[in-house]
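Subject: A structure for you to look at

Hello,

Here is the structure I promised to pass on, with the sequence alongside. Have a look at it first, and then read on for what turned up.

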Amino acid sequence: MHIEASLYTRGSVAILEGPYTLPTQNCEMKFYYHMFGGDCGSLLVYINSGDSVKLVFNITGEQGKDWLGASVQLKSDYAFRIHITATRGSSYKGDIAIDDISFKVREKNLNNDNNLSKTNI
């Protein structure tokens with residue numbers, strides 16, 4: 001996902017909405033993000049589960065020229081969706097991008113307690 005700041009007004013929002021996912025008590029979401037320019041807005045990640053929406057990642061402002069990695073722990077007793085939101089800053093000088101999103105779920109298994117599965121979107 002990329003939000004091009006020069007095409008929109010302050011506070012404009014781009015939302016990437018994931019599919020519904022089964023409940024989990026131990027899921028790790030990893031992704032890379034790039035926030036460059038003096039007027040970058042915010043990058044937020046929410047977990048939308050049942051009747052609740054919880055902010056699990058929040059970063060605002062320029063983060064430099066390099067791509068940075070992030071890891072977020074997800075927990076839900078109910079099916080859930082991830083919403084990734086990028087908000088434009090005060091001027092056209094600040095773009096936000098996100099890439100290579102993956103989920104790793106640790107599942108308990110009678111034969112192997114460390115069974116890992118990975119899903120990319």
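Let me start with one residue: K75 lies in strand β6. Please keep in mind throughout that this is a predicted model. With a relative accessible area of 59%, over the 50% cut-off, K75 counts as exposed. Leaving aside neighbours within four places in sequence, K75 is in contact with T24, Q25 and I47. The chain also brings K75 and P23 together from 52 residues apart, with 7.6 Å between their C-alpha atoms.

G69 has its place in strand β6 as well. G69 is exposed too, at a relative accessible area of 54%. Not counting residues up to four places away in sequence, G69 touches F31, Y32 and Y33. From G69 to H34 the distance is 9.0 Å, C-alpha to C-alpha, although their positions lie 35 residues apart in sequence.

Now for the chain as a whole.

The protein chain has nine strands and zero helices, and the pattern along the sequence reads β-β-β-β-β-β-β-β-β. Of its 121 residues, 37% count as buried. The accessible surface is about 7,500 Å², and carbon and sulfur atoms account for 48% of that surface. If you take the contacts between residues at least 6 apart in sequence, 75% of them join residues at least 24 apart.

Next, the sheet.

Which strands make up the open sheet, and in what order? There are four, arranged β2-β7-β4-β5, and the pairing is antiparallel. The edges are taken by β2 (13-17) and β5 (52-60); each has a single partner strand, so one side of each is left without a neighbour in the sheet. From one strand to the next, the twist averages 20 degrees.

Within that sheet, strand β4 (residues 42-49) pairs with β5 in the antiparallel sense, over eight bridges. If you would like to follow the pairing by eye, Y46 has L55 of β5 as its bridge partner, and S42 has T60 of β5. The hairpin of β4 and β5 has two residues between the strands, and in it G50 takes a positive phi near 60 degrees. While you are looking at strands, a general point may help: in a regular strand the side chains alternate between the two faces of the sheet.

R81 deserves a stop on your tour. This residue is in strand β7. Is R81 buried or exposed? Its relative accessibility is 19%, so R81 counts as buried, the cut-off being under 20%. The R81 side chain makes a polar contact with the side chain of E17, at 3.2 Å. Setting aside residues up to four places away in sequence, R81 touches E17, G18, P19, Y20, Y46, I47 and N48. Y46, you may recall, is the residue bridged to L55 in β5.

Then there is the nonpolar core.

The largest nonpolar core has 23 residues, and those with the most contacts inside it are M29, F31, L43, F57, L74 and I82. Strands β3 (24-36), β4, β5, β6 (68-76), β7 (80-87) and β8 (95-107) each supply at least two of its residues. The largest share, five residues, comes from β3.

F31 is a good place to centre your view of this core. Not counting residues up to four places away in sequence, F31 touches L43, V45, F57, L68, G69, A70, V72, I98, D99, D100 and I101. In that list you will find L43 and F57, which are also among the residues with the most contacts inside the core. G69, the exposed glycine from earlier, is there too.

One more residue from that list is worth a look. D100 is found in strand β8, and D100 has a positive phi of about 55 degrees although it is not a glycine. With a relative accessible area of 45%, D100 is partly exposed.

If you only have a few minutes, I would suggest three views: R81 with E17, the hairpin of β4 and β5 with G50, and F31 with its contacts.

Happy exploring, and best wishes

Conventions
Residues are numbered from 1 along each chain as its sequence is written. This is a predicted model: local features need pLDDT of at least 70, side-chain atom pairs count only at pLDDT 80 or more; totals for chains, interfaces and linings use all residues. Side-chain values use heavy atoms; hydrogens and water are left out. Two strands pair if DSSP finds at least two bridges between them. Axes are lines fitted to C-alpha atoms, for helices over the stretch in contact, and angles run from 0 to 180 degrees between N-to-C directions. A nonpolar core is a set of buried Ala, Val, Leu, Ile, Met, Phe, Trp, Tyr and Cys residues joined through side-chain atoms within 4.5 Å. Buried means under 20% relative accessible area, exposed over 50%, partly exposed in between (1.4 Å probe, protein chains only). Contact means heavy atoms within 4.5 Å. Accessible areas come from the Shrake-Rupley method with a 1.4 Å probe; for residues, only the protein chains shown count as cover. A polar contact is a pair of N or O atoms within 3.5 Å; within protein, one must be able to donate a hydrogen and the other to accept it, and residues adjacent in sequence count only if both atoms are side-chain atoms.
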